[in-house]
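User: Could you walk me through this fold? I would like a few questions with reasoned answers.

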Amino acid sequence: MYNLKDNSIAKIVGHVKIVDPDTGEEILNKRNAINYENMSISLAYLLGGLQTGLGQSYGISRMAFGNSGVVIDSTGTITYRPSNTGTTSGTLYNQTYSKLVSNLSTVDPENCITVSHTAGTSYSDIIVTCTLGYSEPTDQDSTDLSTNVNGNYIFNEIGLLEPNIDDLTPGSTLTHIVFHPVQKSANRRIQVIYTIRISVGS
């Protein structure tokens, strides 16, 4: 009888960079939190070739943006709330916008998912690129000079979401990052480059 034992370890880490693609300004460069339970379920369904009730593949579908990841008091002091990744029901604190990043009908390098792997290594990167253009969202402020720190598009949290399971059940949140507020307005574009690295080995 063979006694087979595999001590391989799988590790998933995430990193988020937000830039102004027109000026090259780096707005954010920070690691994010992974919802490990939701990620493990998604990977199992994906590797098993299963689909949601709507016939969609499991995996990353949308990038979601929210405005309640931080609390700002009257003196301007910022308190960062913890990433909401401890349970399967964890979501953004207050999602105010989202954008499709997978299953796009045309190849758009500014809004897409790519996979990068270097031969001979035991890790691969999922790179999710999401660009909010000048006209997105449609009801945003004209300039980034708002004094309302709680505005819908003064983002301070982002997450990656799975597709909806069915018409009534939204897909799970796979990741969550909380950061200093960044306003999206009509006078600039912002681009989020969200990298998930999956490593397998001992």
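Here is a short exchange on the overall fold and one strand.

Analyst: Happy to help! This is a predicted model, where local features need pLDDT of at least 70, side-chain atom pairs count only at pLDDT 80 or more, and totals for chains, interfaces and linings use all residues. Residues are numbered from 1 along each chain as its sequence is written, and side-chain values use heavy atoms, with hydrogens and water left out.

User: How many helices and strands are in the protein chain?

Analyst: Helices (H or I, at least four residues) and strands (E, at least two) are DSSP runs, numbered from the N terminus. Along the sequence, the pattern reads β-β-α-β-β-β-β-β-β-β-β-β. The count is therefore one helix and eleven strands.

User: What is the radius of gyration of the protein chain?

Analyst: The radius is taken over C-alpha atoms, and the globule rule is 2.2 Å times the number of residues to the power 0.38. For 202 residues that rule gives 17 Å, and the chain's value is close to this, so the chain is as compact as a globular protein of that length. The radius of gyration is 18 Å.

User: Is strand 3 mostly covered or uncovered?

Analyst: Buried means under 20% relative accessible area (1.4 Å probe, protein chains only). Strand 3 spans residues 62-66, and four of its five residues are buried. That makes strand 3 mostly covered.

User: Which residue stands opposite Phe-65 in strand 6?

Analyst: Two strands pair if DSSP finds at least two bridges between them. Strand 3 and strand 6 (residues 95-100) pair in the antiparallel sense over five bridges. Opposite Phe-65 stands Tyr-97.

How values were computed:
Buried means under 20% relative accessible area, exposed over 50%, partly exposed in between (1.4 Å probe, protein chains only).
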